There are 2 protein chains.
Amino acid sequence: MFRDHLVRHGLLVETGVCGVYGRGAEFEDTVERVDRLVSATGAEDEAEVLRFPPILNRRHFERSGFLTSFPHLAGAVHAFQGHERTHVQLLRAVEEGGDWSDSFPPTEVVLTPAACYPVYPTLAGTLPARGRLVDVMSYCFRHEPSDDPARMQMFRMHEHVRAADPQTIAAWLEIWLARTTSFIGSLGLYARCLVASDPFFGRGGKLLADAQRDQRLKIEIVAAIARDDRPTAIISLNSHQDHFGEAFGIKTPDGAVAHTACIGFGLERIALALYSRHHFDRRRWPSPVREALGL
Amino acid sequence: MFRDHLVRHGLLVETGVCGVYGRGAEFEDTVERVDRLVSATGAEDEAEVLRFPPILNRRHFERSGFLTSFPHLAGAVHAFQGHERTHVQLLRAVEEGGDWSDSFPPTEVVLTPAACYPVYPTLAGTLPARGRLVDVMSYCFRHEPSDDPARMQMFRMHEHVRAADPQTIAAWLEIWLARTTSFIGSLGLYARCLVASDPFFGRGGKLLADAQRDQRLKIEIVAAIARDDRPTAIISLNSHQDHFGEAFGIKTPDGAVAHTACIGFGLERIALALYSRHHFDRRRWPSPVREALGL
């Protein structure tokens with residue numbers, strides 16, 4: 001099993017929770033090198049760099065529509081409210097191995113589901129003529145406990161987010177699609193580029209996924225990680241059309257609702273794909289790959 | 001106001017939630033440089049490097065005793081459970097601006113309250129003769145919404161964690177106490193070293209704090225950040241005695257319960273102290289400080 005190998009080589013450390021791992025020194029270093037390669041790939045664009053902690057304003061989250069499409073993946077933050085008596089009850093529940101959520105009502109924040117979510121609210125208002133381009137990277141949470149190490153509950157995503165008019169967005173996505181070829185090529189990964197869809201919730205989800213696919217709104221670069229027969233997305237390019245522009249009041253200088261798009265690199269997944277493709281011993285990776293990563 | 005200056009200079013970005021900020025490119029770069037200075041300060045110890053996402057196994061969290069001492073600072077992760085009908089109710093609650101926590105029961109994880117918490121469970125069992133030394137860094141969550149930018153709800157902490165017999169622990173803390181002098185000195189900060197206590201919850205908390213202080217179990221390096229008259233801890237050294245050894249079954253080779261201790265550097269706080277002490281324009285920082293940070 002790929003997962004057991006990762007643990008035995010000290011690349012991942014188990015925590016007793018499905019899909020939640022510590023990272024050994026070398027794995028973390030590989031993730032950081034992949035992160036720097038993403039930065040280098042888009043460097044000429046001189047994107048505005050922003051970094052957010054992995055939590056999001058709950059009101060912004062509600063407005064984003066995530067709960068409509070992906071309630072099953074969301075994580076909300078709850079915190080203690082009460083005085084000494086509530087505390088006694090809390091500790092009794094802990095002692096008895098029970099549920100202590102009664103004294104933990106919701107807070108003003110939720111966990112970030114994708115690195116780009118905190119960006120859209122900051123774009124509210126009228127964009128400059130060239131639009132905006134933001135570089136973000138953060139840990140993201142998806143509640144999908146799985147034994148597959150390529151499907152972690154918390155993982156890092158490095159994204160470029162573009163807001164502008166539809167033509168500018170389309171041209172920008174084309175440029176990044178070409179860049180992903182070089183990115184994948186430099187790492188020697190077996191990967192394929194597919195028209196894809198998001199894992200929408202519920203029975204209505206299939207219709208939404210079909211529509212997304214028909215309009216070619218999501219393109220994924222997939223690679224074999226844990227299993228050869230079920231490749232996993234390591235990069236995705238997403239056209240949101242006017243979805244976030246509408247939700248957060250982002251406008252182009254002519255007063256139209258701005259379009260947005262993003263390209264996201266799954267840093268742990270790319271690192272895992274490297275170990276899966278080349279070897280668990282990083283010293284044995286092919287020299288062009290080592291060179292691309294500055295090893 | 002210090003906070004307004006930080007926002008005006010693009011160092012911090014507001015998110016609409018008290019104590020939750022985005023980081024501008026330069027501020028993030030300063031945090032990363034402080035992080036590397038922490039690594040350099042302890043480099044000769046060759047600590048084992050581990051990195052965890054900012055979530056923690058809920059069972060480990062319960063066992064750690066955090067809920068006994070600091071329930072008011074804890075954050076728990078809740079996630080959606082239900083099918084289509086629950087989803088309809090959820091969306092209705094969102095639409096009406098209501099509370100949608102009914103369909104979000106607790107998950108197996110909570111937010112990490114300090115970078116060292118995920119380490120102790122991994123130390124369970126018998127330590128090697130020299131004990132263990134682990135280097136961790138992660139975002140941490142503390143539910144204490146505040147206007148003071150030095151009191152963020154999510155911030156990064158870089159820690160060294162030591163597990164061994166009591167004498168080894170005491171000697172290790174002495175070495176780090178000396179190192180903090182050089183660390184602070186190289187950054188030109190006005191700082192003081194104090195015997196301190198944790199913010200224990202409730203009426204009983206005062207007794208616990210007094211006992212902690214009497215036994216000198218917590219030492220803080222404090223510096224002025226937002227206000228000159230109320231310095232904030234930027235580094236803390238903590239002796240846990242046998243608390244975590246007992247909770248997680250960590251033993252020394254002679255079968256005794258191991259003692260643990262940690263030293264934690266608050267990365268955002270140190271960065272903020274630098275901007276507060278030296279200037280909002282980083283180019284004007286004194287050359288020894290710029291040199292220490294590799295600027």
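**Chain A overall, and one helix crossing in chains A and B**

In chain A, take the contacts with a separation of 6 or more: 69% of them join residues 24 or more positions apart. Keep in mind that this is a predicted model.

Let's stay with chain A for a moment. Its secondary structure comes to 11 helices and 14 strands. The radius of gyration is 21 Å, and the globule rule gives 19 Å for 295 residues. Those two values are close, so chain A is as compact as a globular protein of that length. The C-alpha trace spans about 60 × 55 × 35 Å along its principal axes. And burial? Of the 295 residues in chain A, 57% count as buried.

Now to a helix pair. Two packed helices are described by the angle between their axes and the distance between the axes. In chain A, look at helix 2, residues 25-41, and helix 10, residues 267-277. Their axes are 9 Å apart, and the packing angle is about 115 degrees. Angles of 65 to 115 degrees count as roughly perpendicular, so helix 2 of chain A is roughly perpendicular to helix 10 of chain A. The crossing of these two chain A helices is right-handed.

Which residues of chain A make the contact? From helix 2 we have A:Glu26, A:Phe27, A:Thr30, A:Val31, A:Val34, A:Asp35 and A:Val38. Helix 10 brings A:Leu267, A:Glu268, A:Ile270, A:Ala271, A:Leu272, A:Leu274 and A:Tyr275. Sort them by class and you get 10 nonpolar, 1 polar and 3 charged residues.

Over to chain B, with helix 2, residues 25-41, and helix 10, residues 267-277. Here the axes come within 9 Å and cross at roughly 115 degrees. That makes helix 2 of chain B roughly perpendicular to helix 10 of chain B. Their crossing is right-handed. On the helix 2 side of the chain B contact, the residues include B:Phe27, B:Val31, B:Val34 and B:Val38. On the helix 10 side, B:Leu267, B:Ile270, B:Leu274 and B:Tyr275 are among them. The class split for this chain B contact is 10 nonpolar, 1 polar and 3 charged.

One last residue, also in chain B. B:Gln89 sits in helix 5, residues 84-95. Its relative accessible area is 45%. Exposed would need over 50%, and buried under 20%, so B:Gln89 is partly exposed. How far is B:Gln89 from B:Leu56? In sequence, 33 residues; in space, 30 Å, C-alpha to C-alpha.

Methods
Residues numbered from 1 in each chain as written. Chains lettered and ligands numbered in written order. Predicted model: local features only at pLDDT ≥ 70, side-chain atom pairs only at ≥ 80, totals over all residues. Heavy atoms only, no water. Axes fitted to C-alpha atoms, helices over the stretch in contact; angles between N-to-C directions. Helix = DSSP H or I, 4+ residues; strand = E, 2+ residues; numbered from the N terminus. Parallel < 35°, antiparallel > 145°, perpendicular 65-115°, else oblique. Left-handed = near helix turned anticlockwise from the far one by under 90°. Contact = heavy atoms within 4.5 Å. Nonpolar A, V, L, I, M, F, W, Y, C, P; charged D, E, K, R; others polar. Rg over C-alpha atoms; globule rule 2.2 N^0.38 Å. Buried < 20%, exposed > 50% of the residue type's maximum accessible area, 1.4 Å probe, protein only.
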